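The following exercises invite the student to read a protein structure step by step. Each task is followed by a worked solution.

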Amino acid sequence: MKKISEILGYAPIDIHSHIDHGVLGDRTDYIEEWETNVHFCTREFVKTEYDNVGIEIGAMSTYSSVARNDTVFEENIYLNKLLDDEPRFRQWAVVNPDREETFAQAEELLKDSRVLGIKIHPSNHGYDIMKKGDEIFSFADSLGATVLMHPIEERSMPVFANRYPNMRLIIAHLADEKFVDAMLGAKHGNIYADTSGGASSKNNVVEYAVSRVGAERILFGTDTYSTAFQTGRIAFARISDGDKFRILRGNALALFPKAFE
């Protein structure tokens, strides 16, 4: 059977993934016990999944770093060292505003061209993005950095995007009109969405977003959900071949040229 990359003629780039590696906060630690055999994402498993469909590169954080407050700093270090052994992996530097040391750490990590930007997860880390947003987004703005955010308060995000035009914000898990409204509300064009997670299985969500915003601000991700489903959802979407290329590969190359050289 042909890989999707062989059918398309190019290899997708996954800008949103995660890995487990046997520490507190891993997928097998915090999900229900009965699920531990059906949703996990070790380093080797992710690479095998990429091989099966023909994904070239994946940008990730560890599950522990986004699931827990107390492991963020150490997990950022772990993953950055792992990049030396995994040329197909890239990194998001996770920042938790309640752990002040992660700001300076992220600034240092962003000097590495293999680090795409800053990852935040307000829901799991337990803070109010509307109260902490200025602290996070002004920091990103000062560095000209991209922020990948777990979705929350989507329609309010233009407040920050318009206030901090030098940062780019990717809202993960494209799911509904709120994401489109957020992208349309960014007067500097600096809000994006990624297609990772199960929400993109909705019949028209990808097509609707492309029709309203254009494909240039939508990026492909898996979030370690089935790569076969995730790539197929875009490869067979009711959009043009050019838009498929932009989502699956072109936009990642345009936004992060140094990371994918």
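**Exercise 1. The surroundings of a helix**

Against which elements do the buried residues of H11 pack?

Solution. The model under study is predicted.

Step 1. Identify the buried residues: in helix H11, which spans residues 205-213, they are Val205, Val206, Glu207, Ala209, Val210 and Val213.

Step 2. Find their partners. These buried residues pack against H10, S8, helix H12 (227-235) and helix H13 (241-255).

Step 3. Examine what comes after the helix. Glycine 214 follows H11, and its phi is positive, near 95 degrees.

**Exercise 2. The sheet and its helices**

Determine the strand order of the sheet, its edges, and the helices that lie on the strands.

Solution.

Step 1. Establish the order. The sheet is open and has 8 strands, arranged S1-S2-S3-S4-S5-S6-S7-S8 with parallel pairing.

Step 2. Locate the edges. Strand S1 (13-19) and strand S8 (218-219) each pair on one side only, and they are therefore the edge strands.

Step 3. Inspect one pair in detail. Strand S2 (residues 57-62) is joined to strand S3 (residues 89-94) in the parallel sense over 3 bridges. Methionine 60 has glutamine 91, in S3, as its bridge partner.

Step 4. Add the helices. Helix H3 (residues 43-53) packs on the sheet and touches S1, S2 and S3. The direction of H3 makes about 155 degrees with that of S1. Helix H10 (residues 177-185) lies across strand S6 (168-171) and strand S7 (191-194), and runs at about 150 degrees to S7.

**Exercise 3. A buried polar residue**

Is serine 65 buried or exposed, and which residues does serine 65 touch?

Solution.

Step 1. Place the residue: serine 65 belongs to helix H4 (residues 63-67).

Step 2. Apply the cut-off. Serine 65 has a relative accessibility of 1%, so this residue counts as buried, the limit being under 20%.

Step 3. Look for a polar partner. A polar atom of the serine 65 side chain lies 2.7 Å from the backbone oxygen of threonine 62.

Step 4. List the contacts. Not counting residues up to four places away in sequence, serine 65 touches Thr71, Val72, Glu75, Val94 and His125.

**Exercise 4. The nonpolar cores**

Which residues of the largest nonpolar core touch the most other members?

Solution.

Step 1. Recall the general tendency: in soluble globular proteins, nonpolar side chains tend to be buried together.

Step 2. Read the largest core, which has 59 residues. Those that touch the most other members are Ile120, Phe137, Met157, Leu169, Ile191 and Ile247.

Step 3. Follow one of these residues. Leaving aside neighbours within four places in sequence, isoleucine 191 is in contact with Met157, Pro158, Ala161, Leu169, Ile171, Ala182, Met183, Ala186 and Arg217.

Step 4. Note another core, of 16 residues, lying apart from the largest one. Its members include Leu148, Ile170, Ala172 and Leu255.

**Exercise 5. Salt bridges**

How many salt bridges does the count come to, and where do the partners of selected pairs lie?

Solution.

Step 1. State the total: the count comes to 20 salt bridges.

Step 2. Take lysine 111 and glutamate 108, whose closest N and O atoms are 3.1 Å apart. Lysine 111 is exposed, at 63% relative accessibility, while glutamate 108 is partly exposed, at 49%.

Step 3. Take arginine 163 and aspartate 134, whose side chains meet at 2.7 Å, N to O. This pair links distant parts of the chain: arginine 163 is in helix H9 (residues 157-163) and aspartate 134 in helix H8 (residues 129-143), 29 residues apart. Arginine 163 is partly exposed at 43%, and aspartate 134 is partly exposed at 28%.

Step 4. Take arginine 238 and glutamate 207, which meet in a salt bridge at 3.8 Å, N to O. Arginine 238 lies in the loop between H12 and H13 and glutamate 207 in helix H11, so the pair ties together parts that are 31 residues apart in sequence. Arginine 238 is exposed at 56%, whereas glutamate 207 is buried at 8%.

Step 5. Finish with a network of salt bridges, in which Arg43, Glu44, Lys47 and Glu86 are linked.

Notes: Residues are numbered from 1 along each chain as its sequence is written. This is a predicted model: local features need pLDDT of at least 70, side-chain atom pairs count only at pLDDT 80 or more; totals for chains, interfaces and linings use all residues. Side-chain values use heavy atoms; hydrogens and water are left out. Two strands pair if DSSP finds at least two bridges between them. Helices (H or I, at least four residues) and strands (E, at least two) are DSSP runs, numbered from the N terminus. Contact means heavy atoms within 4.5 Å. Axes are lines fitted to C-alpha atoms, for helices over the stretch in contact, and angles run from 0 to 180 degrees between N-to-C directions. Buried means under 20% relative accessible area, exposed over 50%, partly exposed in between (1.4 Å probe, protein chains only). A polar contact is a pair of N or O atoms within 3.5 Å; within protein, one must be able to donate a hydrogen and the other to accept it, and residues adjacent in sequence count only if both atoms are side-chain atoms. A nonpolar core is a set of buried Ala, Val, Leu, Ile, Met, Phe, Trp, Tyr and Cys residues joined through side-chain atoms within 4.5 Å. A salt bridge is a side-chain nitrogen of Lys or Arg within 4 Å of a carboxyl oxygen of Asp or Glu.
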